[in-house]
Amino acid sequence: MADKNAERADIVMDVPIDEVEEESPTREDLVDYFPRYTLKRSGLVAPDERPPGLQSLVLGLQHVLAMFGSTVLAPLLMGFDTNTCLFFSGLGTLIFYVVTGGRVPSYVGSSFGFIGVVTSVTGYAYSPGASSNPNLPLATGGILVCGVVYGVVGLVVMAAGYRWIELLMPPGELVGGRAHWFHRRHSKTSSSSHHFNQPSQTVVTGAVVMTIGVNLSSVAIGQASGSGFDGYMAFATVLSVALINTYAPAPIRRLSILFGALTGYLINLFCGLGGAGPRIDYAGVAAAPWVAPPKLQAPKFSGPAISTIAPVCIVLVAENIGHVKAVGAMTGRNLDRYLGRAFLGDAIATIVSAAGGGTGTTTYAENIGVMAVTKIFSTLVFIIAALVAIILGFIPKFGAVIHTIPTGVFGGLSIVLFGLIAVTGARIWVENSVDFSDPRNLLTAGISMLLGAGMTSARVVWGPIQLDGIGVATFSAIILYQLLRGWGE
C-alpha cells in the first residue's frame, strides 16, 4: 500500500495537478477507508502519517489559534452565538473527516461568504454585548437549504466528476471571507494549484470574490465610524494587524488577525481605564456561567431568505476546489478524487450547523497556511483541533469575553478582512493572466462588480425569490461569461 501511494505521489509530482485524471474509489480504498497512520518524526508529514503524540497536540492547538479569528469574527458580525458556532465548527470538522475518510486535511469553520446575505436578510448590526440576532432562524433556514444544494452538488461530483463546475464557474483562490494572503505570502509550493487551463475563465471567480469584499465595505466603515474614538481604535487595529503581518516572526504572522485584535482590544481597554474613552463592560462576562451546553435553535424557512442565501453555495464550491488543489499541490498528491466527498462533508457540516442555530461552514485557508509552514499535513491533527473547539463551545464565559470586543476594534478587523477579500479577487485575475483587453472579460467583471458594489441595500424580488447585491453579481458574472465566452472558438 505504501509503495502504491509513493508511486502515485511520484506520478503526480511529474504532472500538473489540474491534468491528472480523476480516480474512482477502489475496493482497496473501501477496505482502508480511514488512514492507517504511520509515525513520521521529521520532514514532510503526509495526510496518512502522523507526528509524535506531543507534537500532534501542539499542532492541534496551533490550528485552533489559526482558525479562531475567523470562526469568532464571522458569527459576531452576523449575530450568532459564539459558543454555538465554535461547537459546530469542531463537529463540522469531524464530519468532514469522516466523509472524506481522513484523506483531505482541512479545518471547517464559519464562512464569511454568508455575512452579506445574512445581514441583508436579518438586518443585524454588531455592537459589543448585544444579544443574538433575533431573526437568526430565518438565516439558518436559508443556510440549511444552501447546504442541501451544496450536498447535491457533492453527490453529482462523486458520480460524474467536477470538470463541469470548472466549465460553469472555474475555481480560484476563493476565500469565503478570508484571504489566502495568509498562506500564499509565505509559501510558493501551492502556486501551481491556482492556475487553470483557460485563464480567462477566472474572470468570473475574481469578480465574485471582489464583489463580496466591496459589498461588505459599508459594514466595516459603519463600525469604524460610530464615534471619533471608534475611528481611532479602528486605525490602531488596522495598523497593528499590518505591522504584525509584516514584521513579526513567521509563526506570529500566521496569526496576525488574532494578535492584531488582541492589541487593539488592549489599547481600548487601557484607554477606557485611563478615562480616554468608554470602558469595556464586563457585566455579561460576570453573569455568564463557566460551563453550559451550546444554545441551539431550530431554523425557519422563508422563500425570500432562502433565495438570498442559497446562492452562496456557488462560492463554497469554488472555494473548496481551490483549497483541495492547494493542499494537493503542497503534498504532491492528487486529491481531486476526493473533491466530491469534500463538497459533501462541508455540506453536511453546514446542514448540521444550521439545523442547530450555527453558521454555514467552509474549509479554512488559514489552516492551509499553517500546513504550508509546518509541512505537516496529517489529518489526525485536525481531530485534536476539532475536539478543542467542541470543548470551547461548552464554556459560555469564554464566549461572553469575545462579545466584549469594542465596535472600533471590530471595525478595524472588518476593514482588513473585507479589504483582503476584495483585493484577492484582483489577484486572481493577475495570477491567472486574465486579458482585460478582451471585451468579454471586461464586461463580465465590470457589470457584475458595479451591481455588487451598488446594491448594498437594494434587492431584486420576483415572487418568493429575492437576491441581494452579492447574489445578483454572482449570477450576472456567470450568465454574462457563458453568453460571451464564444463557444464556437
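**Aspartate 32 and arginine 36.** I looked up this pair in the predicted model. Their side chains meet in a salt bridge, with 2.9 Å from N to O. I then checked how open each partner is. Aspartate 32 is buried, at 14% relative accessible area. Arginine 36 counts as exposed, at 66% relative accessibility. So I noted a salt bridge that joins a buried aspartate to an exposed arginine.

**Glutamate 49 and lysine 40.** I went to this pair next. Here too the side chains meet in a salt bridge, and the N to O distance is 3.8 Å. Which of the two partners is buried? Glutamate 49 is, with a relative accessible area of 16%. That value is under 20%, so glutamate 49 takes the label buried. Lysine 40 has 27% relative accessibility and counts as partly exposed.

**Arginine 427 and glutamate 431.** I found a salt bridge here as well. The closest N and O atoms of arginine 427 and glutamate 431 are 3.8 Å apart. Where do these two residues sit? I placed both in helix 21, which covers residues 407-431. They are four residues apart in that helix, so about one helical turn separates them. I also looked up the accessibility of arginine 427. Its relative accessible area is 23%, which makes arginine 427 partly exposed.

**Whole structure.** I asked how many salt bridges a search of the whole structure finds. The count is six. Among them are aspartate 32 with arginine 36, glutamate 49 with lysine 40, and arginine 427 with glutamate 431. A general reminder to myself: side chains of opposite charge can pair when their charged atoms come close.

Technical notes. Residues are numbered from 1 along each chain as its sequence is written. This is a predicted model: local features need pLDDT of at least 70, side-chain atom pairs count only at pLDDT 80 or more; totals for chains, interfaces and linings use all residues. Side-chain values use heavy atoms; hydrogens and water are left out. A salt bridge is a side-chain nitrogen of Lys or Arg within 4 Å of a carboxyl oxygen of Asp or Glu. Buried means under 20% relative accessible area, exposed over 50%, partly exposed in between (1.4 Å probe, protein chains only). Helices (H or I, at least four residues) and strands (E, at least two) are DSSP runs, numbered from the N terminus.
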